[in-house]
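Got the model open in your viewer? Let's walk through it one selection at a time.

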Amino acid sequence: YSVDISISPRLWRHHMYKLSQEVNCYSRFDSGNCDDLWLLGEVAMDDCCLNPHYGYIGADGKCKYCGPPSWSEWTAWGRCSVSCKEGVSQRRRECQGQGKCAQATIPREIQKLSLETKVCSDSNCCPEQGQWSKWGQWQPCSVTCNKGVRNRVRTCTEPQPRCGGSCDGPSEEKEPCVVDRICPTHGSWSNWESWQPCSGTCGGENLPRPTQRRNRSCNNPPPSSVPPGDECPGLGSNTRTCDELPFCPVNGNWGQWGPPSSCSVTCGVGIHEMLRQCNNPAPKHGGLPCSGSNKDQKICNTKLHCPVDGQWSQWGKWEECKSNRGKIRCRKIGGQQRRQRWCEHTGFDGKTCKGQITDYRACYDITFCDFDGKWSEWSEWSQCEPPCGEGAKMTRERKCIPDLSEYDETVGFHIKVKAYFEGKPFANCTLLKDPKQSLACMNVPPCDT
């Protein structure tokens, strides 16, 4: 069963905003974005937020959510603060909705809940530049007659660069060279002349397309006689069809507007939509289409608040582990404990939460019981604390854990279920010199002001 915690329309409006203002209202709030595709128009903030699924642009220019407050998803981890060796990476989230998110009451708590920092290393070493070898021998001239170029090369090996480094300057050097021999001049085409006019101005639907012609000359340069050069390859003229000529065009024109549709919503703010067709006449044979949109819309306001569905609160703490067979503390007798949650924010005929309000599990009560203990392995390094600014550190530790091997992992007569251990016992371990270690986080960005 569930508990329905309803709120009256008057209290809900007071919770949303004391002073209503004109805002751009959107019919969808998508992870902090107000897409123009869902823009309804400008209305009072109270009217926009009659629907808790809507969003609006606030005075700060950001997209705001009309629903109850909740944390957004974490962003992806950002780039490492340095390109080589050890740095840090950060990710963020924000509180969206009307009011403050749970546990976020003072600036230090808000920063801790909205920002996380972890150690990162994109590369274990930084780039080191190399040095060039001596220049190699000049290679032969690039031509067998007249003027050409020759080149020589060097290598980046004395020493070679490390970790993505390089050598400054070019690896190749060129200079002009001359071969004492006359070259033949081969013929080359001039540029094409402009296309001559098409043989017609309009193509018929069942007739051949008009054509046009252009010419060029083998004089850029002409081929030499001594020594003999080659003639220009290909043809000196070219013909093509005038495919770009359209049929005789008929431009389109809009017909009358149709009747307006009913309001797109049954609560909150929606739209009326009207349609028209480009059929008075329709465009034909490449004629221009109708300019403008075939749709028009106006805002409609139902003045009715949309349902607000309930949301489960966080589970409460597990209650005392006990049994109807008497005291079970420090005894290998299973008991039962429970925890509860509440259905919050339900209003305006919204749906109540699905699921159970109470959760049960089997347990052993080991509060203040004495056990032989053993040291755990080192834990993973924690995230950097504080997550920004100076003095950030990461820690790891080993814990003295009790030996609970004499307890059955499951309890029950007909149906066996997993049992959990409740309470803080005393565990006796050999002395350990340093069960906790800490390291400074490197290159942590300063905190936001």
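Start by selecting aspartate 448, which is exposed at a relative accessible area of 51% (exposed is over 50%, buried under 20%, partly exposed in between, with a 1.4 Å probe and protein chains only). Before you click on: this is a predicted model, where local features need pLDDT of at least 70, side-chain atom pairs count only at pLDDT 80 or more, and totals for chains, interfaces and linings use all residues. Residues are numbered from 1 along each chain as its sequence is written, and side-chain values use heavy atoms, leaving out hydrogens and water.

Now add arginine 92: its side chain meets that of aspartate 448 in a salt bridge, 3.0 Å from N to O (the rule wants a Lys or Arg side-chain nitrogen within 4 Å of an Asp or Glu carboxyl oxygen). The two sit 356 residues apart, aspartate 448 in the segment after strand E25 (436-440) and arginine 92 in strand E6 (strands are DSSP runs of at least two residues, labelled E and numbered from the N terminus). Arginine 92 is partly exposed, at 36%.

Next, select arginine 361 and glutamate 422, another salt bridge, at 3.8 Å from N to O. Arginine 361 is in strand E18 (residues 358-365) and glutamate 422 in strand E23 (residues 417-422), so this pair ties together parts 61 residues apart in sequence. Which of the labels buried, partly exposed or exposed fits arginine 361? Arginine 361 is buried, at 19%, while glutamate 422 counts as partly exposed at 22%.

Last stop: lysine 399 and glutamate 397, whose closest N and O atoms are 3.8 Å apart in a salt bridge. Glutamate 397 is partly exposed, at 30%.

How values were computed: Helices (H or I, at least four residues) and strands (E, at least two) are DSSP runs, numbered from the N terminus.
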